[in-house]
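Me: Hi, I've got a model open and would like to walk through it with you. Can I throw some quick questions your way?

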Amino acid sequence: MKPGFLAKNPSVLAFLALLALFTLAVTLLSTAYGAEIVSTSMVKTLGKTLCLCLIAIAMDLVWGYTGILSLGHFAFFGLGGYMIGMWLMVARTREIVLASAAGVLPMTPQELSDAIATQIFGVVGSSELPAIWHFAGSLPMQLLFVVLVPGLLAFLFGWLAFRSRVTGVYLSILTQAMTLALSLYLFQNDSGLRGNNGLSGLQNIPGLAADQDHLSVWFLWASAVALGLGYLLASFVTSGKFGSVMRGIRDDEARVRFLGYSVESYKLFVFTLTAVIAAIAGALYYPQAGIINPAEMAPIASIYLAVWVAIGGRGRLYGAVMGAAFVSLVSTWFTGGRAPDLTLGIYTVKWVDWWQVLLGLSFVLVTLFAPKGLSGLVDLLAGLRTPWRGGTPLGPDDGSLREEEAVE
C-alpha cells in the first residue's frame with residue numbers, strides 16, 4: 001500500500017502542529033481567554049500576520065515555483081477585503097439606522113435602503129447605493145464574490161497575457177500596470193467604493209454581541225485555519241507531477257512546451273488559484289485592520305510581497321511563511337515606535353523613517369549572499385546540504401537541472 005500524501009510530506013504535519021500550538025498559546029495568553037499577557041492589539045497584529053503569511057504562500061506558488069514574478073497580487077488581496085467590507089458596512093449601517101428609528105413608525109424597505117445609502121455615501125456627496133452594492137446585504141453572495149471577482153480578474157488577465165506568451169520582466173510590468181490602474185480607479189469617488197475614504201468600521205461584526213477582545217481571538221482562529229488549509233493545498237499542488245511541471249516551467253519553459261505540456265494552461269491555473277488564495281487572505285485581514293482604502297492596493301505593496309518571499313526563501317512554502325512573519329512583526333516593532341532611536345553624534349536615526357531602507361538593503365543582501373533566505377536556517381538546523389552535482393545550472397535555483405545531467 002502506497003503511503004499517503006501526509007506520510008510522504010512530514011514537514012506539512014510539522015507546520016500544522018506548530019501553527020496549532022502557536023494559536024493555542026496566543027489564545028491562552030490573550031485578554032479574552034487567559035492570562036491577559038498578550039494584548040488585544042497584539043492579537044490583531046498576529047492575526048493579520050497569519051493572513052500575510054497566506055498571501056506569501058500564494059506569491060511563492062506563482063513566483064518561487066512557477067517563475068512568474070507577479071507584481072500585482074496585492075490587488076487581489078485588496079479586492080477580497082473590499083468584497084467582505086461591503087457587507088460589513090451595509091449590515092453595520094442597517095443596525096445603526098434601525099436603532100436610531102426605534103420608537104417611531106416602522107421604516108419601509110425603500111426608506112431603510114435610502115437611509116443606509118445616505119449614511120454610507122454621504123461622505124462622497126451621494127445618497128444612492130451604486131449598482132455594484134446590489135448584493136452587499138447578503139453575506140453568502142459577498143463571500144462568493146470574494147472568490148469570484150478576484151478569480152475572474154486573474155483569469156481574464158492571465159488568459160490575455162499567457163496566450164500572448166508575455167514572460168519575464170514584461171509580464172511583471174503588466175501585472176504592476178493592472179494594479180496601478182485598479183488603484184487609481186478606486187481613488188475616484190464615482191467608483192462606487194467611496195473613493196479615497198475607502199471602507200471603515202470593519203472591525204465590528206454585525207449580529208455578534210462580542211467585544212474586540214473576543215473578536216480578535218476569533219479572527220486569529222479563522223486566520224490560522226485559512227493558513228493551515230492554504231499551506232496544505234499549496235503542498236499538494238507542488239507535489240507530484242503537477243509540481244514537477246511547475247518547476248520545469250520556472251527553469252526552462254521552452255523545454256516543457258517542447259515535451260508537449262500546455263504551459264499556458266498550467267500558468268493560467270496557478271495564477272488564478274493564487275489570486276483566489278490572496279483574496280481569501282484579504283477578506284480575513286481587513287476586518288482585523290478595521291479599514292481598507294485604495295492605497296492598500298498600490299503597486300508598492302505587491303513589491304513588498306515579493307521582498308518578503310525573497311527574504312524567506314522562494315521555492316519553499318515554509319520560507320514564504322517565515323519571510324512574511326519576520327518582516328511583518330519586525331516592521332510593526334520599528335514603525336510602531338517600539339524601537340529606540342539611535343544617536344550617532346550629530347545625527348539621530350529614527351527607525352520609523354529608516355525602516356524601508358533597511359528592508360530594501362536586506363533584500364539586496366539576501367539576494368546576493370543568501371539565496372535560500374531565512375529558510376536556509378532550517379537546513380542548517382537539520383544538517384541538510386545541497387549535494388554538489390557539477391555542471392552549470394540550467395535554471396535560476398539550486399535544484400535546477402545541470403548540464404552534465406542533461407547530457408547523460
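Me: Let's start with charges. How many salt bridges does a search of the whole structure find?
Reply: There are 6 salt bridges in the whole structure. Keep in mind that this is a predicted model.

Me: OK, and which residue does E264 meet in a salt bridge?
Reply: E264 meets R165, side chain to side chain, at 3.5 Å from N to O. This pair links distant parts of the chain, 99 residues apart. E264 sits in helix α11 (residues 263–289), while R165 is in the loop between α6 and α7 (168–186).

Me: Is R165 buried or exposed?
Reply: R165 counts as exposed, because its relative accessibility is 52% and the cut-off for exposed is over 50%.

Me: What about E253, which residue does it form a salt bridge with?
Reply: One partner is R257, with the closest N and O atoms 3.1 Å apart. The two are 4 residues apart in helix α10 (residues 253–258), so about one helical turn separates them.

Me: And how accessible are E253 and R257?
Reply: E253 has 19% relative accessibility, so it counts as buried. R257 has 22%, so it counts as partly exposed. The cut-off for buried is under 20%, and these two residues fall on either side of it.

Me: Which salt bridge brings K267 and E253 together, and at what distance?
Reply: Their side chains meet in a salt bridge at 3.3 Å, N to O. K267 belongs to helix α11 and E253 to helix α10, so this pair ties together parts that are 14 residues apart in sequence.

Me: Which residues end up in one network, then?
Reply: R165, E253, R257, E264 and K267 are joined into one network by salt bridges that share partners.

Me: Is K267 buried or exposed?
Reply: K267 is buried, at 4% relative accessibility.

Me: Remind me why charged side chains pair up at all?
Reply: Side chains of opposite charge can pair when their charged atoms come close.

Me: Good. Switching to rings: how many aromatic pairs does the structure hold?
Reply: The structure holds 15 aromatic pairs. One of them is F76 with F271, an edge-to-face pair with 6.0 Å between centres and 90 degrees between the planes.

Me: Where do F76 and F271 lie?
Reply: F76 is in helix α4 (residues 73–100) and F271 in helix α11, so the pair ties together parts that are 195 residues apart in sequence.

Me: How accessible are those two rings' residues, F76 and F271?
Reply: F76 has a relative accessible area of 0%, so it is buried. F271 is buried as well, at 1%.

Me: Which residues form one aromatic cluster?
Reply: F74, F77, Y285, Y286 and W308 do.

Me: Now the surface. Which residues make a nonpolar patch there?
Reply: L152, F155, L156, W159 and L160 make a nonpolar surface patch of about 500 Å². F155, for instance, lies in helix α6 (residues 139–163). At 37% relative accessibility, F155 counts as partly exposed.

Me: V149 is in that helix too, isn't that what I'm looking at? Which residues does V149 touch?
Reply: V149 is in helix α6. Not counting residues up to four places away in sequence, V149 touches L79 and M83. V149 has a relative accessible area of 31%, so it is partly exposed.

Me: I also clicked on S328. What does its side chain make a polar contact with?
Reply: The side chain of S328 makes a polar contact with the side chain of T49, at 3.0 Å. S328 lies in helix α13 (residues 317–335) and is buried, with a relative accessible area of 11%. Leaving aside neighbours within four places in sequence, S328 is in contact with T49 and L52.

Me: Last one: where is V237 found, and what is it in contact with?
Reply: V237 is found in helix α8 (residues 212–238). Setting aside neighbours within four places in sequence, V237 is in contact with F242, G243, M246 and L273. V237 is buried, at a relative accessible area of 10%.

Me: And how far apart are V237 and V97?
Reply: Their C-alpha atoms are 47 Å apart in space, and the two residues are 140 residues apart in sequence.

Technical notes: Residues are numbered from 1 along each chain as its sequence is written. This is a predicted model: local features need pLDDT of at least 70, side-chain atom pairs count only at pLDDT 80 or more; totals for chains, interfaces and linings use all residues. Side-chain values use heavy atoms; hydrogens and water are left out. Buried means under 20% relative accessible area, exposed over 50%, partly exposed in between (1.4 Å probe, protein chains only). A polar contact is a pair of N or O atoms within 3.5 Å; within protein, one must be able to donate a hydrogen and the other to accept it, and residues adjacent in sequence count only if both atoms are side-chain atoms. Contact means heavy atoms within 4.5 Å. Patches are made of residues with over 30% relative accessible area and no salt bridge: like charges are joined within 9 Å, nonpolar side chains (Val, Leu, Ile, Met, Phe, Trp, Tyr) within 5 Å. Accessible areas come from the Shrake-Rupley method with a 1.4 Å probe; for residues, only the protein chains shown count as cover. A salt bridge is a side-chain nitrogen of Lys or Arg within 4 Å of a carboxyl oxygen of Asp or Glu. Rings of Phe, Tyr and Trp (its six-membered ring) pair if their centres lie within 6.5 Å; planes under 30 degrees apart count as stacked, over 60 as edge-to-face and the rest as tilted.
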